[in-house]
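Open the model in your viewer and keep the sequence panel beside it. The stops below give a selection to make and then what is found there.

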Amino acid sequence: MTDATAAAPSTADPALAPASAYPDPRDAPAIRWGILAAGGIARKFATDIPAHTASTIAAVGSRSADRAAAFAAEMDVPRSYGSYEELVADPEIDAIYVASPHSEHRDHALLALNAGKPVLVEKAVTRNAAEAREIFDVAASRGLFAMEAMWARFLPSYRATVDAVAAGAIGDVISLTALHGQNIPGGPEHRLWNPDLAGGALLDLGVYPISFAHAVLGVPDEVHAYGELSDLGVDKAETVVLRYGQRAVAVATSSMETAMLNNATVAGTEGRIDLDPTFYNPTDVHLSLLDGTRQDVSGRLPGGFQFQAAEAARQIVAGETSSPLMTWQASVEVMEIMDEVRRQLGVVYPGE
């Protein structure tokens, strides 16, 4: 990978970089996006991309022509399709954003790739690591870009934290904690409580703290999971303890039954970094060193999805198949951690 825009900001001082140190999404090349599925997450994508990048939303597809047309009218999208096959066949679309439920990510990503379209696949990228590998293998064989839309990894506040830890700003990491809990009532009619749609807290909420731990510390040596399942077998909550060597421990907690603080802290031998709630959104970051030094960086920016879309546009136009900010290997490794969590909790999705 030779894209200099994706590199960490160069600085002799291992401190938090300001948001201005990272590429402005408005400066990324313009491409034409097609949105596959017309749900709530698709609305945020359709809002943030035209507002904060040079790219456009060219079309939306749904299994329902009426639903697609209503979405297009609401979000000012010029074309709508009543099938995903029609959407990916549109010659005036440069890339597909897969916004369907987790249970469909593999099939819909492969549909787009086999139609010759690069893909940005909503997190978690698939139900399991095997499905993720299949997507990336097909992308590699066809020479097409594919990336997990783990939008938090592209935010300046998130990148500043990861870069500062990597630069040694807080010494050796001892502890990482990250919380993501929301009160999401509902029965099987809600996708997160529906096992057929790969529901549960892990793939939708828990992926954030686990991916954060992975971004900071990499692949753990041990995974220990503790949680509770619903009557239908989806995970309602889990605490995941990740051990790295003999020193560092990460604790990633998620729940869809209770609202948590949703912050994150990385503590090391020389200080700590705190990300304000909600840590996976554009937020403020604080560096506190043991010698009394303190640095506060504001990362509260409008939108949020524009950063991942801009990175995808850069790499697609450059002819790359992946991004160094969310590599294929990183996505598979996060899925492998979550596969182990599910194994320990006893969560199996229908159709796997």
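Start at the second largest cavity, where the lining divides by class into seven nonpolar, four polar and no charged residues. The model is a predicted one. To show this lining, select Ala17, Pro18, Ala19, Pro156, Ser157, Ala160, Thr283, Val285, Val297, Ser298 and Gly299. Helix 6 (residues 156-166) provides the largest share, three residues. The space inside is about 30 Å³.

Next, go to the largest cavity, with a volume of about 70 Å³. Select Tyr22, Pro23, Pro25, Phe154, Arg159, Phe307, Glu311, Arg314 and Leu325, which line the largest cavity. Six of the lining residues are nonpolar, none is polar and three are charged. Colour helix 8 (residues 306-317) as well: with three residues, helix 8 gives the most to this lining. The count of cavities of 30 Å³ or more comes to two.

Now leave the cavities for the largest pocket, which holds about 450 Å³ of space. The pocket is lined by 25 residues, and those closest to its centre are Gly39, Gly40, Ile41, Ala99 and Arg191. Helix 1 and helix 7 (201-217) are the elements that each give two or more residues to the lining. Helix 1 gives the most, with three residues. By class, the pocket lining has ten nonpolar, eight polar and seven charged residues.

Stay at the pocket and centre the view on Gly39. This residue is in the loop between strand 1 and helix 1. Is Gly39 buried or exposed? Its relative accessibility is 18%, so Gly39 counts as buried, the cut-off for buried being under 20%. Leaving out residues up to four places away in sequence, Gly39 touches Arg67 and Phe71. For a distance across the model, draw a line from the C-alpha atom of Gly39 to that of Tyr226: the two are 31 Å apart in space and 187 residues apart along the chain.

Phe71 leads to the next selection, helix 2 (residues 65-75), where Ala68, Phe71, Ala72 and Met75 are buried. Look down the helix axis: the buried residues fall within an arc of 100°, so they line one face of helix 2. An α-helix has 3.6 residues a turn, so residues three or four places apart point the same way. Turn the view to the face directed away from the buried side, and the exposed residues Asp66 and Ala73 appear there.

What covers the buried residues of helix 2? Select strand 1 (32-36), helix 1 (40-52), strand 2 (56-61) and strand 3 (79-81), which are included in that cover. Then step just past the end of helix 2 to Asp76, where phi is positive, at about 60°.

Finish with two selections taken from UniProt. Residues 31-146 carry the feature "domain: Gfo/Idh/MocA-like oxidoreductase N-terminal" in that record, an unreviewed entry. This span is 47% helix and 20% strand, and its end C-alpha atoms lie 15 Å apart. The UniProt annotation for residues 159-273 reads "domain: GFO/IDH/MocA-like oxidoreductase", also from an unreviewed entry. Over residues 159-273 the chain is 22% helix and 37% strand, with 12 Å between the end C-alpha atoms.

Key: Residues numbered from 1 in each chain as written. Predicted model: local features only at pLDDT ≥ 70, side-chain atom pairs only at ≥ 80, totals over all residues. Heavy atoms only, no water. Buried < 20%, exposed > 50% of the residue type's maximum accessible area, 1.4 Å probe, protein only. Helix = DSSP H or I, 4+ residues; strand = E, 2+ residues; numbered from the N terminus. Arc of directions from axis to C-beta. Contact = heavy atoms within 4.5 Å. 1 Å grid on protein atoms, 1.4 Å probe; cavity = no way out; pocket = protein on both sides within 12 Å on 5 of 7 lines; lining within 4 Å. Points joined across faces, edges and corners; volume = space filled by probe spheres on them. Nonpolar A, V, L, I, M, F, W, Y, C, P; charged D, E, K, R; others polar. UniProt positions renumbered as here; feature names shortened; annotations may be inferred.
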